Amino acid sequence: AFLNAAFGLCLGCETYLLSTDNCGGCNVACDPGQGCALEFSTQRIKCMCAPGQQNCGTLQNPSCIDITNDLFNCGGCGINCNAYFTASGLSLSHFVTACEAGSCSLGCESGWADCNGRLDDGCEVDTNADPENCGGCGIVCDGVAGQACVGGRCALEPCDVNGPGAK
């Protein structure tokens with residue numbers, strides 16, 4: 001019954017009714033990015049995927065994806081941001097990949113930064129502990145004054161409560 005229902009008569013010719021130009025009826029066109037499929041729950045042929053989504057599955061098993069923000073289908077079906085950057089030869093050490101507006105992008109994990117501007121060595125600085133980049137690139141703690149970088153902040157050594165001048 002499925003195969004018979006997939007064909008219809010349009011102007012005296014047989015037309016495949018699972019195409020994006022004739023979805024369930026003659027000249028019933030799906031929007032760009034939509035696929036025509038049989039909805040198994042209702043047994044109706046219809047355009048699948050809401051506006052702004054694209055079918056990255058098959059006609060028999062549609063998978064509607066928002067390709068503007070999906071990490072594994074970024075800008076198009078099957079475009080995996082992690083694989084894209086790895087294939088480019090980049091170290092993903094402490095990098096975080098994202099899909100923004102349909103384009104793959106890189107950022108650093110919280111507490112890490114790319115202070116040298118080179119993508120090939122990842123986010124190389126631990127801004128929670130590096131006294132030369134404490135809390136961010138180029139924020140230098142005063143080592144002469146005894147400042148260390150603790151939790152991303154320059155801190156003084158604790159006061160000696162039993163030392164000279166203690167009350």
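**Figure 1. Close-up of H94 in the loop between α2 and β7 of the predicted model.** H94 counts as partly exposed, with a relative accessibility of 25%. In this predicted model, the residue lies in the loop that leads from helix α2 (81-87) to strand β7 (95-100). Although H94 is a residue other than glycine, its phi is positive, with a value near 65 degrees.

**Figure 2. Close-up of A101 in the loop between β7 and β8.** A101 is found between strand β7 and strand β8 (103-108), and its phi is positive at about 55 degrees although the residue is not a glycine. The relative accessible area of A101 is 74%, and the residue counts as exposed because this value is over 50%.

**Figure 3. Close-up of the hairpin of β3 and β4.** Strand β3, residues 35-39, is mostly covered, and five of its five residues are buried. Strand β4, residues 44-48, pairs with β3 in the antiparallel sense, and five bridges join the two strands. Within this pairing, E39 stands opposite R44 of β4. Four residues lie between the strands of the hairpin, where Q43 takes a positive phi near 60 degrees. In a regular strand, the side chains alternate between the two faces of the sheet.

**Figure 4. Close-up of the aromatic pair of Y84 and F85.** A search of the whole structure finds one aromatic pair. Y84 and F85 form this pair, with 5.0 Å from centre to centre and 75 degrees between the planes; the arrangement counts as edge-to-face because the angle is over 60 degrees. Y84 is partly exposed at 47% relative accessibility, whereas F85 is buried, with a relative accessible area of 9%. A pair of aromatic rings is described by the distance of the centres and the angle of the planes.

**Figure 5. Close-up of S105 and its contacts in strand β8.** S105 belongs to strand β8 and has a relative accessibility of 18%; the residue counts as buried because this value is under 20%. When its neighbours within four places in sequence are left aside, S105 is in contact with F85, V96, T97, A98 and E100. One of these contact partners, F85, is itself buried and takes part in the aromatic pair with Y84.

**Figure 6. Close-up of the salt bridge between D121 and R118.** The side chains of D121 and R118 meet at 3.8 Å, N to O, and the contact counts as a salt bridge because this distance is within 4 Å. The count for the protein comes to one salt bridge. D121 is partly exposed at 23% relative accessibility, and R118 is likewise partly exposed, at 43%. Side chains of opposite charge can pair when their charged atoms come close.

**Figure 7. The protein as the setting of the close-up views.** The protein contains two helices and 12 strands, and from the N terminus on its elements run α-β-β-β-β-β-β-α-β-β-β-β-β-β. Of its 167 residues, 28% count as buried, while the protein exposes about 10,300 Å², of which carbon and sulfur atoms supply 54%. Among the contacts with a separation of 6 or more, 16% are between residues 24 or more positions apart.

Methods
Residues numbered from 1 in each chain as written. Predicted model: local features only at pLDDT ≥ 70, side-chain atom pairs only at ≥ 80, totals over all residues. Heavy atoms only, no water. Buried < 20%, exposed > 50% of the residue type's maximum accessible area, 1.4 Å probe, protein only. Contact = heavy atoms within 4.5 Å. Areas by Shrake-Rupley, 256 points an atom, 1.4 Å probe, with all protein chains shown as cover. Pairing = 2+ DSSP bridges. Phe/Tyr/Trp six-rings, centres within 6.5 Å; stacked < 30°, edge-to-face > 60°.
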